[in-house]
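Reader: Hi! I'm new to reading protein models and would love a close look at one part of this one. Could you walk me through it slowly?

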Amino acid sequence: MTFSLLFLATLLPYVFKVLADLSTYQQGVKQHFSSFLNHDLSWLKLWAGFMVIMAIIICLSPVAEQFKLLSQLMPDVHYLLIIASVVFLLMPDISKQKSIEDKPLEKQIQDLPGQELTAAFKHIEQLFIEQKSYLNNELTLAELSKLCQLPEVLVSNAINHVGKQCFYDYVNTHRIEEAKRLLIKHRSRSVIDVAMDSGFNAKSTFYNAFKKFVGQSPSEFRKANQNLNDECQA
């Protein structure tokens, strides 16, 4: 029992460190990329949770021996843990995983006056309106910087401090506005087609972003606006 408790006490700080590093990584991704397609490490959260559950079961093993039912179920649980561990090891596809270590980005503004940031942000907005660069589902900060002919640090800080959003949310905000327009204009088109045409490359990402920025699902938004338009036409 003592060994089991020591194992759990040793594991928990490691799990918390993994989750903290994962959160830091995701924040870094949001500053450089408009999609999590090649940066999805959510499976690590599942792995961390699995490790905690396994540790708890190990701690309960000595106690389970005192209860007939638990003692009978424990061997089966161990087999399930072995199967689950194999699945977790085989599940993630990291062949296309990209690192952000080679993409340093200054966090502080150095000698950039407010008017320069505002001008840069207006330039980015104009580019989005005229060229709809956000429809590129793999748009990155580096690519946007080249399109704007501005330094990455200036583009990033303009979006963060003037637009009050990270690069990931800023791009997806424009994609959601495009999706809202398409949902109303093309009522017969499927939601997934609208998502793809709006710059998203995953159905789950589109639904999560739409819910976050609009407060409704795409279908609910389409239905609400369809009723409103029908009333206006009547």
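Is Q149 buried, partly exposed or exposed? Please start there and then take me through the helices around it.

Author: Happy to. Keep in mind that we're looking at a predicted model. Q149 has a relative accessibility of 71%, and since anything over 50% counts as exposed, Q149 is exposed. You'll find Q149 in the loop between helix 5 and helix 6. Its backbone is worth a glance too: the phi of Q149 is positive, near 60°, and Q149 is not a glycine.

There are two other spots to look at for the backbone. K132, in the loop between helix 4 and helix 5, also has a positive phi, near 50°, and is a residue other than glycine. With 31% relative accessibility, K132 counts as partly exposed, because that value falls between the 20% and 50% cut-offs. Then there's K164, which follows helix 6 and has a positive phi near 60°.

Now step back from Q149 into helix 5, which covers residues 141–148. Its buried residues are L141, L144, S145 and C148. They sit on the same side of helix 5, because they cover an arc of only 105° around the axis. There's a handy rule behind that kind of pattern: an α-helix has 3.6 residues a turn, so residues three or four places apart point the same way.

Step the other way from Q149 and you reach helix 6, residues 152–162. Here the buried residues are L154, V155, S156, N157, A158 and I159.

How do these two helices sit against each other? The axes of helix 5 and helix 6 come within 9 Å and cross at roughly 105°, so the two are roughly perpendicular to each other. On the helix 5 side, L141, A142, L144 and S145 make the contact, and they meet E152, V155, S156 and I159 of helix 6. Sorted by class, this contact has 5 nonpolar, 2 polar and 1 charged residues.

Helix 6 has another partner, helix 4. These two pack at an angle of about 95°, with their axes 8 Å apart, so helix 4 and helix 6 are roughly perpendicular as well. From helix 4 come E116, L117, T118, A120, F121 and I124, while helix 6 brings L154, V155, N157, A158, I159, H161 and V162. The classes in this contact are 9 nonpolar, 3 polar and 1 charged.

Did you spot I159 in both contacts? Let's zoom in on that residue, which lies in helix 6. I159 has 0% relative accessibility, so it counts as buried. Leaving aside neighbours within four places in sequence, I159 touches F121, I124, L144, K164, Q165, C166, F167 and Y170. A120 shows how folding brings separate parts of the chain together: I159 and A120 are 39 residues apart in sequence, yet 8.7 Å apart in space, C-alpha to C-alpha.

That takes us to the largest nonpolar core, which has 18 residues. The members touching the most others are I124, F128, L144, I159, F167, Y170 and V171. Helix 4 (114–131), helix 5, helix 6 and helix 7 each supply at least two residues of this core. Helix 4 gives the most, with 6 residues. In soluble globular proteins, nonpolar side chains tend to be buried together.

F167 deserves its own look. Again setting aside neighbours within four places in sequence, F167 is in contact with K30, Q31, H32, F33, S34, L139, T140, L141, L144, I159 and N160. There is also a second, separate core of 12 residues, and I176, A209, F210 and F221 are among them.

Follow I176 and you come to one more pair of helices. Helix 7 (residues 167–185) and helix 9 (residues 203–214) have axes that come within 10 Å and cross at roughly 90°, so they too are roughly perpendicular to each other. Y168, D169, N172, T173, I176, A179, K180 and L183 of helix 7 make the contact with T205, F206, A209, F210, K212, F213 and V214 of helix 9. Count that one by class and you get 9 nonpolar, 3 polar and 3 charged residues.

So, back to your starting point: Q149 is exposed, while I159 in helix 6 is buried, because its relative accessibility is 0%.

Key:
Residues are numbered from 1 along each chain as its sequence is written. This is a predicted model: local features need pLDDT of at least 70, side-chain atom pairs count only at pLDDT 80 or more; totals for chains, interfaces and linings use all residues. Side-chain values use heavy atoms; hydrogens and water are left out. Buried means under 20% relative accessible area, exposed over 50%, partly exposed in between (1.4 Å probe, protein chains only). Helices (H or I, at least four residues) and strands (E, at least two) are DSSP runs, numbered from the N terminus. The arc is that of the directions from the helix axis to the C-beta atoms. Axes are lines fitted to C-alpha atoms, for helices over the stretch in contact, and angles run from 0 to 180 degrees between N-to-C directions. Angles under 35 degrees count as roughly parallel, over 145 as roughly antiparallel, 65 to 115 as roughly perpendicular and the rest as oblique. Contact means heavy atoms within 4.5 Å. Ala, Val, Leu, Ile, Met, Phe, Trp, Tyr, Cys and Pro count as nonpolar, Asp, Glu, Lys and Arg as charged, and the others, Gly among them, as polar. A nonpolar core is a set of buried Ala, Val, Leu, Ile, Met, Phe, Trp, Tyr and Cys residues joined through side-chain atoms within 4.5 Å.
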